[in-house]
Each structure stands twice: as C-alpha cells, then as structure tokens.
Amino acid sequence: MTSAASPAPLWQPDADRIAAAHVTRFQAWAAERYGAPAEGGYAALHQWSVTELETFWKAVADWFDVRFSTPYERVLGDRAMPGAEWFPGATLNYAEHALRTADDPARAGEPALLYVDETQGPTPVSWAELRRQVGSLAAELRAVGVRPGDRVSGYVPNVPQAVVAFLASAAVGAVWTSCAPDFGARSVLDRFQQIEPVVLFAVDGYRYGGKEHDRTKTVAELRAELPTLRAVVHIPLLGTPAPDGTLDWSALTSADTEPVFEQVPFAHPLWVLYSSGTTGLPKAIVQSQGGILLEHFKQLGLHCDLGPGDRFFWYTSTGWMMWNFLVSGLLTGTTIVLYDGSPGYPDTGAQWGIAERTGAKLFGTSAAYVMACRKADVHPARDHDLSKIACVATTGSPLPPDGFRWLHDEVTEDLWIASVSGGTDVCTCFAGAVPTLPVHIGELQAPCLGTDLQAWDPQGRPVLDEVGELVITNPMPSMPVGFWNDPDGSRYHDSYFDMYPGVWRHGDWITLTDRGSVVIHGRSDSTLNRQGVRMGSADIYEAVERLPEIRESLVIGLEEPDGGYWMPLFVHLAEGAELDDTLRARIKTTIRQELSPRHVPDTIIEVPAVPHTLTGKRIEVPVKRLLQGTELAKAVNPGSVDNLELLHFYESLARERRANRS
C-alpha cells in the first residue's frame, strides 16, 4: 500500500477539539517541565517519547500523579529486551489508584460502574460503594490466608462482582486471573492449573442470548481439579444457594472496612493473561502492577482522552484483555460500563442501545460487530440518541474500509473512529487512537506514545509504505515480566525475540505510511483471533482429536477482505470413518462445550492427510497463506515439507473460493 496520493481524511478534529484534548495539554506541560517539543504536534511528541524514553515515562508518572510509596532510583534500570527493569526501588499499589476518586467527597456518590445485562440496567455502583466492597473483600481474602503473590482466579462474566474481586486481589498484592463462564472446564483448567490459584470466584451460571446457562457442574469440576484452592466464593447470578464448602459473596462484601493497599514493588505481578501459541498449553503472561498502571494511565488518559466524569463502554468478556483494559478506566476517574450478555441480543443493534442508555463517550466494540451491523442494515443514529459519543473504537481485527464509511454515515459525520491494534501480550495498544489526528479510511491513526513501532523486512531492515513485521524496538512498561512456569525465560524469549534478537516481534503484518499512520494486515502467525478472543490451534486439536474418528486435524483462521473471519477445520479421518452430518455435529459440539462457542469452525472439510514440516510440526502459516491467495512457491519452502503434494489441495481450494466470490 502506498500513501503517495495523500487522500483526504474521512475525519479531521477541529481546532477546539484539538485544544481540549488531554494529549495537547500534556504536550504543553511536558514541554515546560521536561523538554518535550512544544511545536510539531503529535508526530513530534511521539518522536520525543521514543528517543527520550526515560524522560517520557517520568513525565507520564508525574502528569497522572502516580503515588510511589517508596521512591524509584531511576526510570529504567536495564533497557534490554527481554528483561527491562522499570522504576527499580519503587513501591505502589494499582488498586489504590483505581479507587482514589472515592476519596473526593464531591465525587464519591457518582457512579464508578454502570452495569447492564440482557434484562435490565443500567444499575450504578458508586465510587464509595465500590471502595467499601473492595475493602470488605480484601480483608476477607487476608483472613483466609491470601498473601502477596498468591493467585486468585475468577470464573465470572463481566459483572460488578468481577471488578470488586479483581481490585480486592490487587489491594492484597495477589495475582488475578479470569476466564469467562462460556469457556468449558478443559479450557479453563488448561489455564488455571498452570498458576495454582488459592481462591476461586465462581458464578452459578450466566445469561446469554435470552437464555440462562447453568455452570454448577463445571464449577464442581474446577474445584475437583484445582487442589491448591483454599477457598471458593459462590456468586449466585442465577440465584442458587451456595454449595457445601463454599463462601457466599454477599457475606464477604457486607462489612464497612477501610481498604488496606499492600505496597508492592513496581514489577510485582498484577494479573495473568493467556495468549495461546500454536503448540502446547496457553502461555500464562504475567504483567506488573506498576507497568500496567503507567501504560493504562497513558493509553486511557491521553490516547482515549478519558477523564473524570466521562463514560467508557467496551463490549468484552473477562476472558479477553479488553476487560482488564476497560477496568483500568477507573484510573482516570472515568465511569466504566459493564455489559454482560450477547452483543446482538435481542437484535444486532443492541450495543448501540447500551451506548445510548449509559451516555457513553467512548464506545468500543469489535470490527466484526461493526460489519455485522452494516450487513444487517442497522441505523444507529436513526434509532438512538448517540449525541454523547465522541469516539467509536474497534479492535479484535482490522476494521475494513467499508466499516469506516458505515460508521461515518450511520453514527455521525463528526465521529472520531479509532481502529486500534495491540495485544494480550502487552494488554494495550501499539497503534490507534489519537484525538488530535485525522482519520483515514482503513488506517490506524498513529503509533502510540512510548511505543517504538516499526515495520521490518525479514532481514531486520525498517520499511516504509510496504508490508513488514510489526516490531517494537524499545521496551514498554506493560511488556510481560515473564511467563508463569518459565524459570529460565526461554519460552518468553522464543515467543517474541527469536526472529530479531533484542527486538519484540509481535506476529502482525503492518504497513507504516509516510503520513505516520498504520495499516494492519492480520496475523503473520497461526493464532486464532475470533471476535477478539485469541486461542491457539493446539486447543482445537486437543479437543477434536480425542474423537476416535479423527486421525489428525488442521485449523486456520483467515481475515477476509470484507471484514469477516473464515475458520475452516480440515480433518484427516481414521480408517473406516465417514464425515457425515452426525460427525460434523459432534465435532462442533465438542469445541463449543470444551473450549469456546466462538471457535466453532465455519466449515469442516475432509483432507487426505495433514501436511507437516520435516520435524513433524503441522504446517499452518503456509496453508493460511495459500488460502489467502499466495502462490505455492512463495507460501512455503518446498524443502521443509514432508509431502509437498498435500499442499496442492489447499491451493485448489483457494482458487475455488476466489472463483465463487467473483
């Protein structure tokens, strides 16, 4: 892609909006105090933020009044990647910052949370009430023996109880981790068993698509398979009594107890997120209290332009990093909107109704949802009062050009459209929202502050206006402090630093334009990223290949030009087996129940065999490239394949799909 023609932007912020943006005021302040460029706008500020990395992050900490209970020795003790050491010597607490709006008598009664589900809402939870519940629960966690560094797990949907449980864990210095209750037991255990939690918060069920889904049997299985649990807390979303041996949520959160915030080192673990690779168990990614605190202050306060009194809604589940990102809206004094339910119930346009009812300033969703609204002939501005919305942000996959046009036409012409891209691995955005820059169709506005983002060719040379690997050449505070159970750091190193030593390679194909904007072309690896929820192909293989009829399988996730996502499952059958409707249904049911309903394949196709590398690994990325239309000679090194003839099947399938679409 080239930007030589310099097309007119779809949207341009006016002078008043630019002047009022938090990032504009930050730049002027940092110019006075820290030598940031006063002129040159965002591009100059970004260049300063990556060339003067330590000064920039010190300025962020000062601007947002980060409270270091023990002062830091310097900003960056060691900048090597992996292993950068941020703010050595400092101690702080994330939850203390997330709840400090409650200390303001003028705001303590305002809503910190607005909760909406499929049947009712919005229901407010005030800052004072949130702080009280966190104080009560944190004291109870300490009473059952939870200490700094212990793991606390949640099998919970996007409800206020999840926020309280997370903040109470952070207040104690425990390490939070969560899965959404639509995940099956095997999928949850593959994650939680790695980190050995001492407490499990679990719902009895959840509501989705107008139906109640009982999860009591799944919770019982989790309890049986997690021997390190010292306490299980029952959250009765469906109204069932607490099972024997569990604690009741209401009893633990009823006291009026002043919260005690454990002061922990900057690099102390805050939470564990999971990002599946292509082999083995999901990676258990550990991010730090201080790193997340600073990164999310920057991202939400400067890039998302959120502050006290604003309302922030992002459709997400607790199994996706966007939930953690949403909760961090509390840091900036913003009211966060929690929605628990189907994104399209009772109709496709339901999320726009939530935005209207909650007065959201920033409305975040997936690119797939935007395209579904377009296909369903939804008219948000005609059917809803969306006058409070200043920004619609999308992630999960690149927003296609038609999605930009549809938002512009159907929400408002004066709409800041922020297509953003980042990752679970850093729990933030590498590129996306900048309130002071124009929006061009099909493009992310710019790399984020403090993010030294480049596109590199295979030889490690930066490229402009052509496709390259997304790399980060300087450390970021929210990069993992490591993976759980990776004592020598080898798995962490191999995940991001194997291709370009000392440089983070993320696994996305991008183009940096000469205007400074970014185009995302999708994954350059084989991770399945559907509706924003990432899952490794290994999860699918483990479930499917337990069926006796399946000898081997291959799954591919394909970003389509129209914004869709096609996920075929190829199966090599056992001798005598037949791929009939009954077997197809069993395969889909297995994936839906044991893993995730989001990762049920679109189609199941029988193949004569699955291709492998010479070392026996399934060939996924070359097959993906073939299905995207890449010629066989360019998609794979023939000398690395055990049976090159097998790849002709996928090449033929790609031709057939192109012919059918034309």
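In what order do the three strands of the open sheet lie? Here are a few notes to help you find your way around this predicted model.

1. Let's start with that sheet. The strand order is E31-E34-E35, the sheet is open, and its pairing is mixed. Strand E31 (550–555) and strand E35 (603–606) are the edge strands, each pairing on one side only. From one strand to the next, the twist averages 25°.

2. Next, look at how E31 meets strand E34 (residues 568–573). The two run antiparallel and are joined by five bridges. If you would like one pair to look for, try Glu552, whose bridge partner in E34 is His572.

3. A helix belongs in this picture too. Helix H19 (residues 581–594) packs on the sheet and touches E31, E34 and E35. The direction of H19 makes about 120° with that of E34.

4. Now move to another spot, Thr318. This residue sits in the loop between strand E16 (311–314) and helix H12 (321–327). Is Thr318 buried or exposed? Thr318 counts as buried because its relative accessibility is 1%, and the cut-off for buried is under 20%.

5. What surrounds Thr318? Leaving aside residues up to four places away in sequence, Thr318 touches Val156, Pro157, Asn158, Ala162, Ser178, Cys179, Ala180 and Trp323. Pro157 is worth a look: it is 161 residues from Thr318 in sequence, yet their C-alpha atoms are 5.9 Å apart in space.

6. Finally, zoom in on the side chain of Thr318. It reaches the backbone oxygen of Cys179 at 3.5 Å, and the backbone nitrogen of Ala180 at 3.5 Å.

Terms used
Residues numbered from 1 in each chain as written. Predicted model: local features only at pLDDT ≥ 70, side-chain atom pairs only at ≥ 80, totals over all residues. Heavy atoms only, no water. Pairing = 2+ DSSP bridges. Helix = DSSP H or I, 4+ residues; strand = E, 2+ residues; numbered from the N terminus. Axes fitted to C-alpha atoms, helices over the stretch in contact; angles between N-to-C directions. Contact = heavy atoms within 4.5 Å. Buried < 20%, exposed > 50% of the residue type's maximum accessible area, 1.4 Å probe, protein only. Polar contact = N/O pair within 3.5 Å; in protein donor to acceptor, adjacent residues only side chain to side chain.
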